Amino acid sequence: MIGFWNHLDVVPAGNFWEYEPFEPVMREHFLIGRGTQDNKGPAVGMLYVMQCLRELGVPLKHELCLFVGCDEERGMEDLAWYRANHPCPAMSMIADSGFPVCYGEKGIMEGQLAATGEWSDAVISCQGGSAGNMIPDLALAVLKKDEAIWQELQARTAGQGAESRNIFLEQTEEGIRVTARGTAKHSAFPEGSRNAIYELASFLAALDSLEEGDRELFRSIAFLSEKYDGINLEISYEDAVSGRTTCAATVLTMEKRRPVLNLNIRYAITDDPGRLQEGIRKAAGAKGYQWRLERDSAPNYFPKEHPAVSLLTGLYQEVTGERTESFVMGGGTYARKLPNAFAYGIGGMRESEQDVQAKKRLFKPGHGGAHEPDEGLNVRQLLEALRIYVVGIAALNDCPLQMEKGSHT
């Protein structure tokens, strides 16, 4: 059997949508709504792939089965239950990545940095982010009502231009609300995003009207959330197989009066999770934080020399005329929880000029992608991807689904 695997759960909607996140609409050739790309659109698409093969009467040597789950974004416990109670297909393909074959996925480690120090009564609350695998686009703090604090906040935000403004102030019954805006992206691909937790912490760390202890806590949060390469936590690493380890601060909460910062780490396939934790404990401890591991999902590596990799990669190149090669990514799919599994599409296809112009009309910068506001599915590309899938499944007829033991490491 060849198993197709998709998921129907989604990340939280987040903020700053121009469209309703859970009332999908078609605009030109884009279907807009949370989960259209990741991963409901491809899940529906695989039903059409199977229907197409059946109606065309394509003779298949392998059974095909579509599986859909509802816990992919958080921990994939649905897959753990399935594997404990049911046999797995001989080979599994996950339509939750870019084309062509994604034969490897970085490890995923999540945990919290809990501060040992406390904020004073001047900091009533502080929070940011909504999901562990999203770069936060919003963070806010409520400070006590104090004229000196209010005057300094106004002075520090007075020079913000309309285009670059990312700090907003408001007097409320509770206190002075300071809101920072960022740009959301998937935490596995953080480049180009702006972390709202860092924006808020770095702004408040410079507030002279706060006590030094409060400023120091904000400085430490800014330091820990500033970079995506892990260098500030002494865990930077890179290999030739999967690239660099990334580390993103994605959620900020308070436990009593102590800040707690969630880290989402995508570590390179050859990296050592023990090294990661040792580095985090040392660097975080120097800043007055304790590390609490929540989960560690080991990397996935499907042998690149498997004939299915070259077959499907070559087929994609032939159909599209593109020279894109198979790859390893930082995102996590069901492939990491299944034997003999890899991801194949449906994203990452080259955009036409029509696509580019449509996206400019429909989406602001930082909108339209998976885990972003106004997530949109390019239906034209989806239909082209389904054609590639149909041809690919037919081509796998004479391909062994499992390699002989000892033929790879």
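**Close-up 1. Surroundings of Leu113 in the predicted model.** Leu113 touches Leu224, Leu233, Pro259, Val260, Leu261, Leu263, Ile280, Ala284, Tyr289, Gln290 and Trp291, leaving aside residues up to four places away in sequence, where contact means heavy atoms within 4.5 Å. This is a predicted model, in which local features need pLDDT of at least 70 and side-chain atom pairs count only at pLDDT 80 or more, while totals for chains, interfaces and linings use all residues. Residues are numbered from 1 along each chain as its sequence is written, and side-chain values use heavy atoms, with hydrogens and water left out.

**Close-up 2. Two nonpolar cores.** The largest nonpolar core has 46 residues, and those with the most contacts inside it are Leu113, Leu204 and Leu233; a nonpolar core is a set of buried Ala, Val, Leu, Ile, Met, Phe, Trp, Tyr and Cys residues joined through side-chain atoms within 4.5 Å. Helix H4 (residues 196-205) gives the most to this core, with 7 residues, helices being DSSP runs (H or I) of at least four residues and strands (E) of at least two, numbered from the N terminus. A second, separate core of 34 residues includes Phe4, Met91, Val328 and Ala385.

**Close-up 3. Tyr267 and its contacts.** Tyr267, found in strand E16 (residues 258-267), is buried, with a relative accessible area of 2%, where buried means under 20% relative accessible area, exposed over 50% and partly exposed in between (1.4 Å probe, protein chains only). Among the residues that Tyr267 touches, not counting those up to four places away in sequence, are Lys106, Met109, Thr245, Asp296 and Pro299.
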